[in-house]
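Below are my notes on the model, as numbered points. Please read them beside the coordinates.

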Amino acid sequence: MKRNALDKSSLLFSNRFLATLIIPLLIETLLNVTIGMMDTIMVSTNGEAAVSGVSLVDSLANLFIFLFSAFATGGAVVASQYLGRKDKENASESAKQLLYISFLFSLLISVVVLLFNEQLMSLVFGKIEEDVESFALSYLTPIALSFPFLAITNSANAVCRSVGKSKITMTVSLVMNIINVSGNAILIYIFGMGPLGAGIASLLSRITACAIMLSVVCGKNFELRVKKLLKVELRFSMIFRILRIALPSGIENCIFHIGKILVTSTISTFGTASIAAYAVFNSLATFANIPGSAIGMAAVTVIGQCCGAGNYDQAKYYARKLITLTFILQGLTCLLMFVLTPNLASLYNLSAVAYKLSVDTVRICLIQTFIFWPLAFTVPNFLRASGDVKFTMLVSIISMWLFRVMLARVLGITFSMGLEGVCWAMYIDWYCRGAFFVTRWLKGKWKEKTVI
């Protein structure tokens, strides 16, 4: 039977709204990626050991950062679905509860990392070269101190995006970048503080962003104003709704990044050149994912509000529109990065061996990213926005451990393929994820999930 045509006169979001939501997110994501890249480039003046130390800490810190992002996603989905039902009061309350749980959780993580930093590094990465470990520990302290500020910022950003105010988060990200790069220049080049200076600059930038975003979401003119934030009132029914989305996403992100850390641990056995090449690989390859990452964040608002309103036909319409846009923008980004990779890799002051390895692996990754990354990482955000989080969690965990962790060791160590073998295991992980997520979306099981 022929499906009824969608009545486009009743669409929830105009092309203008989508543009004002997505374009700032693209710029913001670019700026966020730039922060990590600039840390790595600017500490490279201290040699490959410094680059390797920063890379190892970033891989550990990302485990916690993506947990904070999971809480932010949970709050954004709940707020977006309340907005879809025109219930601003509960949407505002969900924002307030999100800030509370993000702060408490991140504070706990920060204390644990500060107290057991050496044990954590040893547990995760095993025996690493002494100079690499020294640089890593000095960088880790200010990064751990910044976790509560970053978690609150991420949560406030998610609240802003849920009402389409991504221009605010973009502006704050720009401020963060300016502070971070300026701080790096002063602390690394003038005071010679190396990775410690890079970490302090990141800490200062995150404190500033946190202060600005709190003033925004608590301001009188903000659509979902958070009132009386300092008068702590925990509403466990609302927290439970947020955690229903956040916990599966958090478990997924946690296990995903534990897997990535184990992969990094495997790569660390290949020597300093491979560690440094992998750091460059992560920095440059991440640029190619910017369109998919930004549109994935926009999907939480768009698909979330469609599902909250019970309008699943529009959810499917916008999903098709968003994934098509992702492929177009990601294709252009990958093409540009493919051409520029040799020049960008030369910024890291690598040895000849590490330079060639980084260029070769990045270029192969760019081809894979254009074809498969959106299906593996943008499409699951459509599912999460509808509340279908357990399925994405199970697929991600199984695929991650089966391919990216176990197969990486087989290809990298057993078959002596080194870093290139690890990368191919990652691509196979993408193939698996994409197949399951696209099938799930097309079958429509996500329509049966409820959040509010």
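1. Buried here means under 20% relative accessible area, exposed over 50%, and partly exposed in between (1.4 Å probe, protein chains only). The model is predicted, with local features needing pLDDT of at least 70 and side-chain atom pairs counting only at pLDDT 80 or more, while totals for chains, interfaces and linings use all residues. Residues are numbered from 1 along each chain as its sequence is written, and side-chain values use heavy atoms, with hydrogens and water left out.

2. Arg161 and Glu28 form a salt bridge at 2.7 Å, N to O; the term requires a side-chain nitrogen of Lys or Arg within 4 Å of a carboxyl oxygen of Asp or Glu. Arg161 belongs to helix 6 and Glu28 to helix 1 (residues 15–43), 133 residues apart. Helices are DSSP runs (H or I, at least four residues), numbered from the N terminus. Arg161 is buried because its relative accessible area is 11%, and Glu28 is buried at 1%.

3. Ten salt bridges are counted in total by this rule. In another of them, Glu223 and Lys88 have their closest N and O atoms 3.2 Å apart. Glu223 sits in the loop between helix 8 and helix 9, and Lys88 in helix 3. Glu223, at 37% relative accessibility, is partly exposed, as is Lys88 at 45%.

4. The bridge between Asp360 and Lys356 has a closest N to O distance of 2.8 Å. These two residues are about one helical turn apart, because four residues separate them in helix 13 (residues 352–386). Asp360 is partly exposed at 29%, whereas Lys356 is exposed at 54%. Elsewhere, salt bridges link Arg404, Asp429 and Arg433 in a network.

5. The largest nonpolar core (buried Ala, Val, Leu, Ile, Met, Phe, Trp, Tyr and Cys residues joined through side-chain atoms within 4.5 Å) has 38 residues, with Leu99, Val217 and Phe222 making the most contacts inside it. Helix 2 gives the most to this core, at seven residues. Outside its neighbours within four places in sequence, Leu99 has contacts (heavy atoms within 4.5 Å) with residues including Ile152, Leu214 and Val217. Apart from this core lies another of 37 residues, among them Leu344 and Val422.

6. Asn154 is in helix 6 and is buried, at 16% relative accessibility. Leaving aside its neighbours within four places in sequence, Asn154 contacts Ile65, Phe68, Ser69 and Ala72.

7. Helix 15 (residues 418–443) spans 39 Å from its first C-alpha to its last, close to the expected 38 Å, which is 1.5 Å times one less than its number of residues. Gly444, just after helix 15, has a positive phi of about 80°.
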